[in-house]
Amino acid sequence: MPDISLTMVLVLCLAALAAGWIDAVVGGGGLLLLPALLLGLPAGTPAAYALGTNKAVAIVGTTGAAVTYARKAPVDVRLAVRIGLAALAGSTAGAFVAAGLSTEVLKPVVMVVLLGVGAFVILRPAFGTAPPTTPVSARRVLAAIGLAGLGIGFYDGLIGPGTGTFLVLALTALLHLDLVTASATAKIVNCCTNAGALATFGWKGTVFWELAALMAAFNLAGGMVGARTALKKGSGFVRVVLLTVVFALVANMAYEQWLS
């Protein structure tokens, strides 16, 4: 356990609770959880410990949300796992590239993409509000494995923020899923990528396991409640949260790029 106050432990646990809820509904919980860890851990703590502890917390909430969704939403688990394995490979490759590339160059591009996505969702009110009426073609399945798996997995290893949100959008567009089913599928994919990342951080010894265990309990509760909320409220509610997270991601990246 790092040398932090009981008050800060409580703040981090509450951040984990909120992040679990956000992540379960539409992805993007790391937008809250990782900055909270970076601020809450003692000054001078290497960032790798925040990243490793974040993954140890997030995988628990993500798994809880995935199980909750799988029980009540029409999720194709086999397809989700195939996309997840591709994402695992993509994130590994992205992590290797990130070691020799300044991600600051790419952040403005990501911001433009996110703004375009936000505008698209606003201008297309029916996007992700209805389930598919025809079977998805094999070509679209392969495209989902390539783009949502390898492509977004690569982005996760290279930069990271907003991976869950990008997954929801890609799965909705490529597989013609409604937003609730896309969120459910994205959680299973996230389980695969988080497992690979956590194994790496754990092997390097950059995880505060005791703190992660406390925060993970709150993250699990938030994730399960978030999944139930999305299932109950439906795609219209998920759409509102999606837009909120997209523009929050843009604001966060803009701050990091030009103001921090």
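# A helix-by-helix tour

Select H7 to begin: this helix has 13 residues and reaches 18 Å from its first C-alpha to its last, close to the 18 Å expected at 1.5 Å a residue. Keep in mind as you go that you are looking at a predicted model.

**Stop 1: H7 and what surrounds it**

With H7 still selected, switch on the neighbouring atoms. How many of the residues of H7 are buried? The count is 12 of the 13, so H7 is largely enclosed by the rest of the structure. To colour them, pick Thr163, Gly164, Thr165, Phe166, Leu167, Val168, Leu169, Ala170, Leu171, Thr172, Leu174 and Leu175.

Now zoom in on one of these, threonine 172, which is found in helix H7. Threonine 172 counts as buried because its relative accessibility is 4%, and the cut-off for buried is under 20%. Draw a distance from its C-alpha to that of threonine 185, 13 residues apart from it along the chain, and you should get 9.9 Å.

**Stop 2: the loop after H7**

Step to histidine 176, found in the loop between helix H7 (163-175) and helix H8 (179-204). If you have a backbone torsion display, turn it on here. Just after H7, this histidine takes a positive phi of about 55 degrees, a positive value in a residue other than glycine. Is histidine 176 buried or partly exposed? Histidine 176 is partly exposed, with a relative accessible area of 38%.

**Stop 3: phenylalanine 201 in H8**

Next, select phenylalanine 201, which lies in helix H8. Phenylalanine 201 is buried, with a relative accessible area of 18%; that value earns the label because buried means under 20%. Which residues does phenylalanine 201 touch, not counting residues up to four places away in sequence? Show Ala48, Leu51, Gly52, Lys55, Thr206 and Val207 as sticks to see them. One of these partners, alanine 48, is 153 residues apart from phenylalanine 201 along the chain, with their C-alpha atoms separated by 7.8 Å.

**Stop 4: the cysteines**

Try a disulfide search over the whole structure: the result is 0. Why is there no bond at cysteine 192? The closest cysteine sulfur, in cysteine 191, is 6.8 Å from the sulfur of cysteine 192, too far for a bond, because a disulfide needs the two sulfur atoms within 2.5 Å. Cysteine 192 is buried, at a relative accessible area of 17%. Cysteine 13 counts as buried too, at 4% relative accessibility.

**Stop 5: H6 and the glycine pair**

Move to helix H6 (residues 138-158), whose 21 residues reach 28 Å from first C-alpha to last, close to the 30 Å expected at 1.5 Å a residue. The buried positions in H6 are Val141, Ala144, Ile145, Ala148, Gly149, Ile152, Gly153, Tyr155, Asp156 and Leu158.

From here, hop to glycine 94, found in helix H4 (residues 77-98). Glycine 94 is buried, with a relative accessible area of 0%. What is glycine 94 in contact with, leaving aside its neighbours within four places in sequence? Select Phe154, Gly157 and Leu158. The C-alpha of glycine 157 is separated from that of glycine 94 by 4.3 Å, although the two glycines are 63 residues apart along the chain.

**Stop 6: H1 against H9**

Two packed helices are described by the angle between their axes and the distance between the axes. Show helix H1 (residues 6-26) together with helix H9 (residues 209-233): they pack at an angle of about 30 degrees, with their axes 6 Å apart. The crossing is right-handed. The residues of this contact divide into 17 nonpolar, 6 polar and no charged.

Within H9, centre on asparagine 219. Buried or exposed? Asparagine 219 counts as buried, at 4% relative accessibility. Leaving aside neighbours within four places in sequence, asparagine 219 is in contact with Ala16, Leu17, Ala19, Gly20, Leu33, Val57, Ala58, Val60, Gly61 and Thr62.

**Last stop: serine 5**

Finish at serine 5, placed in the segment before H1. Serine 5 is partly exposed, with a relative accessible area of 42%. Zoom out to bring serine 137 into the same view: the C-alpha atoms of these two serines, 132 residues apart along the chain, are separated by 54 Å.

Definitions and conventions. Residues are numbered from 1 along each chain as its sequence is written. This is a predicted model: local features need pLDDT of at least 70, side-chain atom pairs count only at pLDDT 80 or more; totals for chains, interfaces and linings use all residues. Side-chain values use heavy atoms; hydrogens and water are left out. Axes are lines fitted to C-alpha atoms, for helices over the stretch in contact, and angles run from 0 to 180 degrees between N-to-C directions. Helices (H or I, at least four residues) and strands (E, at least two) are DSSP runs, numbered from the N terminus. A crossing is left-handed if the near helix is turned anticlockwise from the far one by less than a right angle, and right-handed if clockwise. Ala, Val, Leu, Ile, Met, Phe, Trp, Tyr, Cys and Pro count as nonpolar, Asp, Glu, Lys and Arg as charged, and the others, Gly among them, as polar. Buried means under 20% relative accessible area, exposed over 50%, partly exposed in between (1.4 Å probe, protein chains only). The expected span of a helix is 1.5 Å times one less than its number of residues. Contact means heavy atoms within 4.5 Å.
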